[in-house]
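Please look over the structure shown below together with its sequence. A short report on helix packing, the ligand surroundings and backbone geometry follows it.

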Amino acid sequence: MKIALNNVGRRFNKEWIFRNLSTEFTSGNSYAILGPNGSGKSTLLSVLTGSLTPSEGEISFSDIENVPVENIYKYISLAAPYLELVETFTLKEIIDFHFKFKSFAVGVDAKSLVSILGLEKSSNKEIKYFSSGMKQRTKLALACCSNSPILFLDEPTSNLDVQGINWYLELIEKFTKNRLTIVGSNQIQEYNFCNKQIQISDFK
Ligand SMILES: Nc1ncnc2c1ncn2[C@@H]1O[C@H](COP(=O)(O)OP(=O)(O)OP(=O)(O)O)[C@@H](O)[C@H]1O
């Protein structure tokens with residue numbers, strides 16, 4: 001799997017958020033997209049996930065070139081602060097719902113996912129009653145435990161305490177091998193494992 005960007009730029013109105021970005025993201029690597037608040041990390045991730053179009057340049061996805069557009073979602077998983085969980089579902093229901101569209105990563109099923117989360121006692125609780133840290137763990141586990149070849153994580157440790165950050169790092173260790181992982185971040189502890197870095201400020 002390879003994502004290739006050729007002179008990609010995105011602007012909102014007259015303001016260019018990034019420009020002239022030519023790079024490749026390839027499987028087996030983990031990339032950190034870095035920059036301060038408001039620099040454009042989430043904008044770049046949204047362009048890469050296809051939820052925003054680039055204002056200029058081209059993006060190509062090898063291996064999924066011939067996949068019908070309605071099936072592309074199977075190749076991508078995303079956990080991000082702006083991605084909402086369905087609040088009226090229980091944890092069990094949200095896992096069932098999510099995996100109607102995606103397959104489980106090897107060795108994971110609905111039961112073991114609840115145990116990976118450490119939320120056995122909350123499996124029948126509605127998401128709206130989850131704490132912000134419980135919601136964040138749920139988003140991360142749903143994304144990491146799907147078998148999509150590309151994994152996008154935007155601000156993955158937001159709302160996690162020290163224990164939660166260690167839990168996240170274990171999840172990464174287990175579920176990012178042989179995948180293409182792209183993390184938008186400005187917290188060293190959440191992208192330390194990445195072997196490649198992209199500074200948004202280099203593309204202004
Ligand atoms: N829909 C939009 N319309 C206009 N401007 C936008 C829109 N979305 C983002 N921006 C602007 O784009 C810039 C980059 O925002 P973005 O959310 O990508 O930054 P970020 O690096 O992810 O920030 P943070 O670390 O705070 O999450 C900001 O100036 C923001 O105001």
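The report describes a predicted model, beginning with the ligand and the helix beside it.

## Ligand surroundings and helix 1

The shell around the ligand consists of Phe12, Ile17, Gly35, Asn37, Gly38, Ser39, Gly40, Lys41, Ser42, Thr43 and Asn186. By residue class this shell divides into two nonpolar, eight polar and one charged, and helix 1 gives the most to it, with three residues.

Helix 1 spans residues 41–49, and within it Lys41, Leu44, Leu45, Ser46, Val47 and Leu48 are buried. Lys41 is thus both a buried residue of this helix and a member of the ligand shell. The cover over the buried residues of helix 1 includes strand 1 (2–12), strand 2 (15–26) and strand 3 (30–34), together with strand 6 (150–154) and strand 7 (180–185). After helix 1 comes glycine 50, which has a positive phi near 90 degrees.

## Helix 2 against helix 3

Helix 2 (residues 91–101) packs with helix 3 (residues 110–117) at an angle of about 125 degrees, the two axes lying 10 Å apart. The two helices are therefore oblique to each other, and the crossing in which helix 2 passes helix 3 is right-handed.

On the helix 2 side the contact is made by Leu91, Ile95, Asp96 and Phe99, which meet Ala110, Leu113 and Val114 in helix 3. The residues of this contact divide into six nonpolar, no polar and one charged.

## Helix 4 against helix 5

For helix 4 (residues 132–144) and helix 5 (residues 162–175), the axes come within 11 Å and cross at roughly 5 degrees. Because angles under 35 degrees count as roughly parallel, helix 4 is roughly parallel to helix 5.

Helix 4 brings Gly133, Arg137, Leu140, Ala141 and Cys144 to this contact, where they meet Gly164, Trp167, Tyr168, Leu171 and Phe175 of helix 5. Here the residues divide into seven nonpolar, two polar and one charged.

## Asparagines with positive phi

Asparagine 7, which is not a glycine, nevertheless has a positive phi of about 50 degrees, and its place is in strand 1. This residue counts as exposed because it has 12 C-beta neighbours inside 10 Å.

Asparagine 20, found in strand 2, also is not a glycine and has a positive phi of about 55 degrees. With 15 C-beta neighbours inside 10 Å, asparagine 20 counts as partly exposed. Strand 1 and strand 2, which hold these asparagines, are also among the elements that cover the buried residues of helix 1.

How values were computed:
Residues numbered from 1 in each chain as written. Predicted model: local features only at pLDDT ≥ 70, side-chain atom pairs only at ≥ 80, totals over all residues. Buried ≥ 20, exposed ≤ 12 C-beta atoms within 10 Å, placed from the backbone. Helix = DSSP H or I, 4+ residues; strand = E, 2+ residues; numbered from the N terminus. Contact = placed C-beta atoms within 7 Å. Axes fitted to C-alpha atoms, helices over the stretch in contact; angles between N-to-C directions. Parallel < 35°, antiparallel > 145°, perpendicular 65-115°, else oblique. Left-handed = near helix turned anticlockwise from the far one by under 90°. Nonpolar A, V, L, I, M, F, W, Y, C, P; charged D, E, K, R; others polar. Near = placed C-beta within 6 Å.
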